[in-house]
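Good morning, and thank you for coming. I would like to walk through one model with you, beginning with its pocket and then turning to the chain around it.

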Amino acid sequence: MTARGLERAARRALKVSIGAIAGGVACAVVAAGGVDGAAVLARRPSLAMTMIAVAIAALVVIAVIRRVQFAPPSARAQRVSFWLAAASDLADLELALTLVAGIHVVIAVLTAQGAWK
């Protein structure tokens, strides 16, 4: 494979997997406790936790929009590139990971507000 072919493969890989990577990072931040106890509506909320909660909420909205607008690559393109063949699966994975992270943020915020015990 030539340098140009490797560059093209890397560009395709990044394009179709960036959302799944972002969803995985969001799940890792949630698992590390990045939003546990995020009292977003408190009198003096934690700035870091509020920023993480807002970023994950924005990521969920972006993932839903990307999934709704997703159009699978043509059959010819899927035969040519492994990454384009995996694009549909990666779009589903992106949505699943971001929704899991988003639901955890909602649960963490409701728990911190005392609305859900």
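The largest pocket has a lining of 15 residues, and those nearest its centre are Lys15, Val16, Phe70, Leu84 and Ala87. Three elements each give two or more residues to that lining: helix 1, residues 3-31; helix 2, residues 47-69; and helix 5, residues 87-113. Helix 1 provides the largest share, with five residues. The space in this pocket comes to about 330 Å³. As to the character of the lining, seven of its residues are nonpolar, seven are charged and one is polar.

Before going further, I should state plainly that this is a predicted model. Across the chain, the mean pLDDT is 87, and 92% of the residues reach 70 or more. Among the elements, helix 2 has the highest mean pLDDT, 92, while helix 4, residues 82-85, has the lowest, 88.

Let me return to helix 1. Where is its kink centred? The kink is centred on Ser17, and the angle is about 50°. Ser17 is also one of the buried residues of this helix. The others in that group are Gly5, Ala13, Val16, Gly19, Ala20, Gly23, Ala26, Cys27 and Val30. Val16 therefore appears twice in this account: it is buried in helix 1, and it is among the residues nearest the pocket centre.

Ala28 also lies in helix 1. Is Ala28 buried or partly exposed? Its relative accessibility is 44%, and because that falls between the 20% and 50% cut-offs, Ala28 counts as partly exposed. Ala28 and Ala101 are 73 residues apart in sequence, yet their C-alpha atoms are 8.7 Å apart in space. Beyond the end of the helix comes Gly33, which has a positive phi, near 90°.

My last stop is the loop between helix 3, residues 75-80, and helix 4, where Ser81 is found. Why does Ser81 count as buried? Its relative accessibility is 5%, and the cut-off for a buried residue is under 20%, so Ser81 meets it. A polar atom of the Ser81 side chain lies 3.3 Å from the backbone nitrogen of Leu84. Leu84 brings us back to where we began, as one of the residues nearest the centre of the largest pocket.

That concludes the tour, and I would welcome your questions.

How values were computed: Residues numbered from 1 in each chain as written. Predicted model: local features only at pLDDT ≥ 70, side-chain atom pairs only at ≥ 80, totals over all residues. Heavy atoms only, no water. 1 Å grid on protein atoms, 1.4 Å probe; cavity = no way out; pocket = protein on both sides within 12 Å on 5 of 7 lines; lining within 4 Å. Points joined across faces, edges and corners; volume = space filled by probe spheres on them. Helix = DSSP H or I, 4+ residues; strand = E, 2+ residues; numbered from the N terminus. Nonpolar A, V, L, I, M, F, W, Y, C, P; charged D, E, K, R; others polar. pLDDT = per-residue confidence, 0-100. Bend = angle between axes of the 7 residues up to and from the residue. Buried < 20%, exposed > 50% of the residue type's maximum accessible area, 1.4 Å probe, protein only. Polar contact = N/O pair within 3.5 Å; in protein donor to acceptor, adjacent residues only side chain to side chain.
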